[in-house]
Amino acid sequence: MHENAKLIDIVGVIDRSRINGFHYLIFALCALVALMDGYDSVIIGITAPSIANTLGLDIKTFGPVFSAAQFGFMAGALFAGPIADRWGRKGTLVVSALIFGGFTLLTISSSTFSELVVYRFVTGLGLGGAATCFVSLSSEYAPKRVRGTVVAILWTLVPAGNVVGGILASFIIPKMGWTSVYIVGGVLPILFGLLILALVPESVSFLVGRNAPDSQIGKILARLSPGTNTEAARFVTSEEKISGVPFTHLFNSKYLASTLCIWVAFFSTWLILITTLAWTAPLVQQAGLSVSEASLIIACNSTGGVLGALIIGRLIDLVDRYLINVGALLLGALAVGAFGMVAASFFGFASLAFAIGFFVGGAASGITALAAISYPTALRSTGVGWAIAVARLGAATGPLVAGAIISGGGGRLDVFGTMAACGVVAAGAIFALRSVDARTPRLVQV
């Protein structure tokens, strides 16, 4: 390349590009992996009694089976992030999809309890790795004006996959047996992974940061932004480059404050979400409601989460992305606190469950987008992956804390009062992140 070659900032090209079929292809394939991520996460709970019966096991011993995928997910998110930042998002996403698809299929062949636990753990590794990479890859191809919306929609598809898994299982298990849901959950992620391998290029921002050939980058730009003149061009990025081991940079003086704020928000938000899902049904039944009413209240919570993610995800692209999340978390904290104090009535519980899902669930998607935005390309997969792992730790901690409160004589007010306090903590962390990012010019505000 000649020294006088024109310089093209890849970040600017991405932000100015109009959404076209190439964008939709990338987003759609990432979305399908996200959907299957949620699907594969839920089917073990649905099929556990059938598996226990097939293997001659007591369902009461299935605690480690349920936990194995969660611990695997945490490990996958922790390790996949640095791998993706070092060797690429596309390859890591493909491998992750093949892993969780392949080991979902292997679950059918389990003949012992130990094999089942191992297969679920490795499945979780793939699930965590995929969740990290579809966020990074999609956010790096999304223009600034829709980046938060894209990430929020993708993240919404994970719980949507839970719904798909439940509905599909109700139809095909009675006709084809419990193994059928694992065949679907194994074959489709493998297929989607292979389609990504064949049709989706590596993140162009990652390629520029890794000094890939300009000809390779130019071909991608021709599809990303048709009409951009890439002849005799040299591609650069305005984002900071990172050297060495990516995850160590999360803890240096440049990134430590932002990382801690993001982690506190992720931990507290997912603690509220999962504790609400785990303990709402037993606590409202204890208050005198029926099992069917409790189930509908949970459904209201999930519906609110999907709608909140879509609406809040769009709003963070239109107004102050930090304050939108702060407001959502504070309103969610009010709804959670009110859930602990409201009189025992179906309408009251259902309305507040919807509000909790809308505001806290919406904020969960919003802060995922915020994490993707707050880190530069060279650190994005690591930052998002470790934040997701911390979120899973919060998800595992919350139900245990609630159980300890109840075992100690506490009731609904004590449990949901504690969750409300966590919502305020999460809001404070995001507000602090806003201040940190505003005075730290090394973060690329895209």
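1. The protein chain has 15 helices and 2 strands, where helices (H or I, at least four residues) and strands (E, at least two) are DSSP runs numbered from the N terminus. This is a predicted model, in which local features need pLDDT of at least 70, side-chain atom pairs count only at pLDDT 80 or more, and totals for chains, interfaces and linings use all residues. Residues are numbered from 1 along each chain as its sequence is written, and side-chain values use heavy atoms, with hydrogens and water left out.

2. The radius of gyration of the protein chain is 22 Å, close to the 22 Å from the globule rule for 446 residues, so the chain is as compact as a globular protein of that length. The radius is taken over C-alpha atoms, and the rule is 2.2 Å times the number of residues to the power 0.38. Along the principal axes, the C-alpha atoms fill a box of roughly 75 × 50 × 35 Å.

3. Of the 446 residues, 54% count as buried (under 20% relative accessible area, 1.4 Å probe, protein chains only). For contacts (heavy atoms within 4.5 Å) between residues at least 6 apart in sequence, 83% join residues at least 24 apart.

4. The largest nonpolar core (buried Ala, Val, Leu, Ile, Met, Phe, Trp, Tyr and Cys residues joined through side-chain atoms within 4.5 Å) has 122 residues. Helix H2 (residues 21–55) gives the most to this core, with 15 residues.

5. Leu-93, Phe-134, Tyr-141 and Ile-430 have the most contacts inside the core. Leaving aside neighbours within four places in sequence, Ile-430 touches residues including Ala-265, Tyr-322, Leu-329 and Ile-367.

Technical notes. Buried < 20%, exposed > 50% of the residue type's maximum accessible area, 1.4 Å probe, protein only.
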